[in-house]
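Reader: I should like to understand the reasoning behind the terms applied to a structure. Could the grounds for each be set out in turn?

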Amino acid sequence: MEENRKELLAELYCLRGGISVLSQESGKLKSEDDRLRGVTVKMEDNTAEIINYNAIVDSSKKTLKSAKHDYNKAKREYDKKSFPLWVHSIFTVCLLAIAGYLYYIRKPDSAYVLLFDILLGASLVLAFIELIRALLINRKLKPLRRKMKNAKQLMIDSKTWISESERGAKLVEGENRGLGEKKNEYGLSRADAVSLSVPMGEALHTALLRNFEGIIGQSYYRALDLIIELIRSGKSESVTAALITVDNKKALGRLEEAVNAAHENLSSYLEEDITELSAELDVSFVRLEKVIAEENERAIEKIKSSKAYISGGIDEIRASFTKTNSKDNIRAALAAKSRESSFVLADDLDYILCHSR
C-alpha cells in the first residue's frame with residue numbers, strides 16, 4: 001500500500017474510531033432514555049388502567065342502584081299479587097283435605113251417602129276451581145319472579161365488579177408508586193448520564209471537526225465507509241475524488257446502498273488494516289488525542305461554570321473524559337464498532353448531539 005494512501009487511510013480510520021466512541025456514548029444515553037421511557041409508558045398504561053377500573057366502579061354502582069330499585073319495585077308488586085295466590089292455595093289444600101276426610105268417613109250403606117257424595121263432589125269442584133285460580137295467578141307472577149331473580153343476580157354481579165375493580169385499582173396504584181420511585185431513580189441516572197456523556201461527546205465531536213476539517217466534513221460522515229473503500233481500492237486517488245463519487249451516489253438516491261456495500265467489504269478487512277496501519281494509526285491517534293485534551297478542558301470548565309448536576313466531582317469527571325476520549329479507547333471502539341456501518345454511526349452521533357443544551 002502506498003505511503004500516502006496509508007496515512008490517508010489511517011486518518012479516515014482514526015475519524016471512524018472517534019465516531020465509534022460517540023456511538024458508544026450514544027448507546028449509553030439510549031439505554032438510559034429507553035429505561036426511563038419504559039417506566040413512563042408503563043405508568044401511563046397503569047394510569048389508563050386505573051381510570052378504566054374507576055369507570056367500571058362508577059358504572060357498576062349505578063347498575064347496582066338501578067338493580068336494587070328494580071328488585072324492590074318487582075318485590076312490592078310480587079308481594080301484593082302473591083297474597084291472592086296464597087289464599088287460593090290455602091283454600092285448595094283445605095278443600096282437598098275436606099274431600100279426603102269426607103271420602104274417609106263416607107259409608108256406602110249409610111242413609112246419608114248421597115249427601116256425602118254431593119259434599120265430596122262440591123269439595124273437589126271447588127278445590128279444582130281454586131287450583132285453577134292459583135295457577136293463573138302463579139302464571140302472572142312468573143315475570144315478576146324473573147325480574148326479581150335477574151335484578152338480584154345483577155346486584156351480585158355489580159358488587160363483584162365493584163369489589164374486583166377496586167382491588168385491581170389498588171394493586172395498580174401500588175405498582176405505580178413503585179414505578180414512581182424507579183422513575184425518580186432512573187431520572188437522576190439519566191440526568192447524570194446526560195450531564196456527563198453529552199459534554200464529553202460534544203468535546204470529542206468538536207475535536208473531530210477541528211482535527212479532520214482539512215480532510216472530510218461532518219456532512220460526509222455517513223458515507224465514511226464508502227470513502228474508505230474508494231481510497232483503499234484505488235478507485236479514488238484522493239478524498240476529493242471520493243467525495244465527488246459520494247455526491248453522485250447521493251444525487252442518484254443510491255448512497256445508502258453504496259455505503260452498505262462498502263461496509264460489507266470494510267468489515268472483512270478492517271482488522272487486517274488496523275494491524276498493517278498500526279504505526280500510522282498511532283500517529284493519527286496521538287495527534288487527535290492532543291486536540292481532544294484541549295476540548296476536554298473547555299468542556300470541563302463549561303461544566304464548572306454551569307454547575308450542572310453530576311454525581312461525581314470534577315476530578316472524577318476529568319478522569320472519565322480522559323479515559324473515554326483516549327487514543328486507546330478510540331482504537332478499541334474502532335474494532336468494537338466494525339460491524340456497524342457509518343450510516344448507523346452517524347445516526348448515533350446525531351442522537352447524542354440532539355441532547356446538547
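Author: The exchange below takes up a buried residue, two helix pairs and a further residue, all in a predicted model.

Reader: Why is Glu 25 called buried?

Author: The relative accessible area of Glu 25 is 5%. Buried means under 20%, so Glu 25, at 5%, is buried. Glu 25 belongs to helix α1, which covers residues 3-105.

Reader: What makes the pairing of Glu 25 and Lys 28 a polar contact?

Author: Their side chains are joined at 3.0 Å. A polar contact requires a pair of N or O atoms within 3.5 Å, one able to donate a hydrogen and the other to accept it, so the value of 3.0 Å for Glu 25 and Lys 28 satisfies the distance limit.

Reader: Which residues does Glu 25 touch, not counting residues up to four places away in sequence?

Author: Glu 25 touches Ser 197, Met 200, Thr 324 and Ile 352.

Reader: Why are α3 and α4 described as oblique to each other?

Author: Helix α3 (residues 224-233) and helix α4 (residues 239-251) pack at about 130 degrees, and their axes are 9 Å apart. Angles of 65 to 115 degrees count as roughly perpendicular and those over 145 as roughly antiparallel. An angle of about 130 degrees falls in neither range, and the pair is therefore oblique. The crossing of α3 with α4 is right-handed.

Reader: Which residues form the contact of α3 with α4, and how do they divide by character?

Author: From α3 come Leu 226, Ile 227, Leu 230 and Ile 231; they meet Val 239, Ala 242, Leu 243, Thr 245, Val 246 and Lys 249 of α4. The residues of this contact divide into 8 nonpolar, 1 polar and 1 charged.

Reader: At what angle do the axes of α3 and helix α5 cross, and is the crossing left-handed or right-handed?

Author: The axes of α3 and α5 (residues 255-276) cross at roughly 60 degrees and come within 7 Å. The crossing is left-handed. On the α3 side the contact includes Asp 225, Glu 229 and Arg 232, and on the α5 side it includes His 263, Asn 265, Glu 272 and Asp 273. In this contact 8 residues are nonpolar, 2 polar and 5 charged.

Reader: How do you know that Ala 335 is partly exposed?

Author: Ala 335, in helix α8 (residues 327-336), has a relative accessible area of 43%. Buried means under 20% and exposed over 50%; 43% lies in between, so Ala 335 is partly exposed. Ala 335 and Ala 10 are separated by 325 residues in sequence, with a C-alpha to C-alpha distance of 14 Å.

Technical notes:
Residues numbered from 1 in each chain as written. Predicted model: local features only at pLDDT ≥ 70, side-chain atom pairs only at ≥ 80, totals over all residues. Heavy atoms only, no water. Helix = DSSP H or I, 4+ residues; strand = E, 2+ residues; numbered from the N terminus. Buried < 20%, exposed > 50% of the residue type's maximum accessible area, 1.4 Å probe, protein only. Contact = heavy atoms within 4.5 Å. Axes fitted to C-alpha atoms, helices over the stretch in contact; angles between N-to-C directions. Parallel < 35°, antiparallel > 145°, perpendicular 65-115°, else oblique. Left-handed = near helix turned anticlockwise from the far one by under 90°. Nonpolar A, V, L, I, M, F, W, Y, C, P; charged D, E, K, R; others polar.
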